[in-house]
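Visitor: I have this one open on my screen and would like a quick walk through it. Can we start with the pocket and then go on to the fold?

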Amino acid sequence: MNNTFELVHVGINTPNPEEAEKLAQLLSLMFHLTPRHGQKSEFAGSYFECMKSPFLGANGHVAMATPDLESAVEELKEKGFSFNMDTAAYDEAGKLKNVYLDGEFGGFAIHILRK
């Protein structure tokens, strides 16, 4: 099993909605990105998700995409990683959309999602 993974975005924890918007605006200006409002976060393009309140990971999270999410989960489990199934999200058909790995990596949580 050798799944492919691609970096989707970096989620950055901020203390409140105002700081999230300020950071998203700054990153958008810095890198010529389009700011976008989300329900739980402010985005700078598709690269940065500025959380309106701290979420998983001391610093935030890293989102990785893969075409075959179920196979990727199995591969990572075989490598000794585990998942926080309380964070799992499913589509209308009941198919896994995304899930966070257990723990932190360099102060970041990691979630994988279907590409």
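Guide: Before that, note that this is a predicted model. As for the pocket, strand 3 (41-44), strand 4 (48-51) and strand 7 (96-101) each supply at least two residues of the lining of the largest pocket.

Visitor: How much space lies in the largest pocket?

Guide: About 260 Å³.

Visitor: And which residues lie nearest its centre?

Guide: Lys40, Glu49, Met51, Phe55 and Tyr100 lie nearest the centre, out of 14 residues that line the pocket.

Visitor: How do the residues of the lining divide into nonpolar, polar and charged?

Guide: The lining has 8 polar residues, 4 nonpolar ones and 2 charged ones.

Visitor: On to the fold. In what order do the strands of the sheet come?

Guide: The order is 2-3-4-1-5-8-7-6, in an open sheet of 8 strands with mixed pairing. Strand 2 (35-37) and strand 6 (83-90) are at the edges with a single partner strand each, so each has one side without a neighbour in the sheet. From one strand to the next the twist averages 20°.

Visitor: Take the strand 2 end. How do strand 2 and strand 3 run, parallel or antiparallel?

Guide: Antiparallel, joined by 3 bridges. Pro35 is opposite Ala44 of strand 3 in that pairing. The two strands make a hairpin, with 3 residues between them.

Visitor: What about strand 3 and strand 4, how many bridges there?

Guide: Strand 3 and strand 4 pair over 4 bridges, in the antiparallel sense. Ala44 has Phe48 of strand 4 as its bridge partner. This is a hairpin too, with 3 residues between the strands, and Gly45 in the turn has a positive phi of about 60°.

Visitor: Which residues of strand 3 are buried on its two sides?

Guide: Ser41 and Phe43 are buried on one side, and Glu42 and Ala44 are buried on the other, so to speak of faces, both are covered. In general, side chains in a regular strand alternate between the two faces of the sheet.

Visitor: There is a tyrosine in that area, Tyr47. Where is its place?

Guide: Tyr47 sits in the loop between strand 3 and strand 4. Its relative accessible area is 49%, which makes Tyr47 partly exposed.

Visitor: What does Tyr47 touch, leaving out residues up to four places away in sequence?

Guide: Val8, His9, Val10 and Leu33. Ala63 is 16 residues from Tyr47 in sequence, and the two are 9.7 Å apart in space, C-alpha to C-alpha.

Visitor: Now the helices. Which strands does helix 1 lie across?

Guide: Helix 1 (residues 17-31) lies across strand 1 (6-13), strand 2, strand 3 and strand 4, and runs at about 5° to strand 3. In the loop between helix 1 and strand 2 there is His32. Phi of His32 is positive, near 60°, in a residue other than glycine.

Visitor: Is His32 buried or exposed?

Guide: Exposed, with 75% relative accessibility.

Visitor: And helix 2, which strands does that one lie across?

Guide: Helix 2 (residues 69-78) lies across strand 5, strand 6, strand 7 and strand 8, at about 140° to strand 8. Leu69, Ser71, Ala72, Val73, Glu75 and Leu76 of helix 2 are buried, and the buried residues of this helix pack against those four strands. After helix 2 comes Gly80, with a positive phi near 100°.

Visitor: Back to the sheet. In which sense do strand 5 and strand 8 pair?

Guide: Strand 5 (residues 60-66) and strand 8 (residues 108-114) pair in the parallel sense, over 7 bridges. Arg114 in strand 8 is the bridge partner of Thr66.

Visitor: And strand 6 with strand 7?

Guide: Those run antiparallel, joined by 4 bridges, and Phe83 is opposite Leu101 of strand 7. Their hairpin has 5 residues between the strands, with Gly94 at a positive phi near 85°.

Visitor: Last one: how many residues of strand 7 are buried?

Guide: 5 of the 6, so strand 7 is largely enclosed by the rest of the structure. Strand 7 also pairs with strand 8 in the antiparallel sense over 3 bridges, with Val99 opposite Ile112. In that hairpin 6 residues lie between the strands, and Gly103 has a positive phi near 90°.

Key:
Residues numbered from 1 in each chain as written. Predicted model: local features only at pLDDT ≥ 70, side-chain atom pairs only at ≥ 80, totals over all residues. Heavy atoms only, no water. 1 Å grid on protein atoms, 1.4 Å probe; cavity = no way out; pocket = protein on both sides within 12 Å on 5 of 7 lines; lining within 4 Å. Points joined across faces, edges and corners; volume = space filled by probe spheres on them. Nonpolar A, V, L, I, M, F, W, Y, C, P; charged D, E, K, R; others polar. Pairing = 2+ DSSP bridges. Axes fitted to C-alpha atoms, helices over the stretch in contact; angles between N-to-C directions. Contact = heavy atoms within 4.5 Å. Buried < 20%, exposed > 50% of the residue type's maximum accessible area, 1.4 Å probe, protein only.
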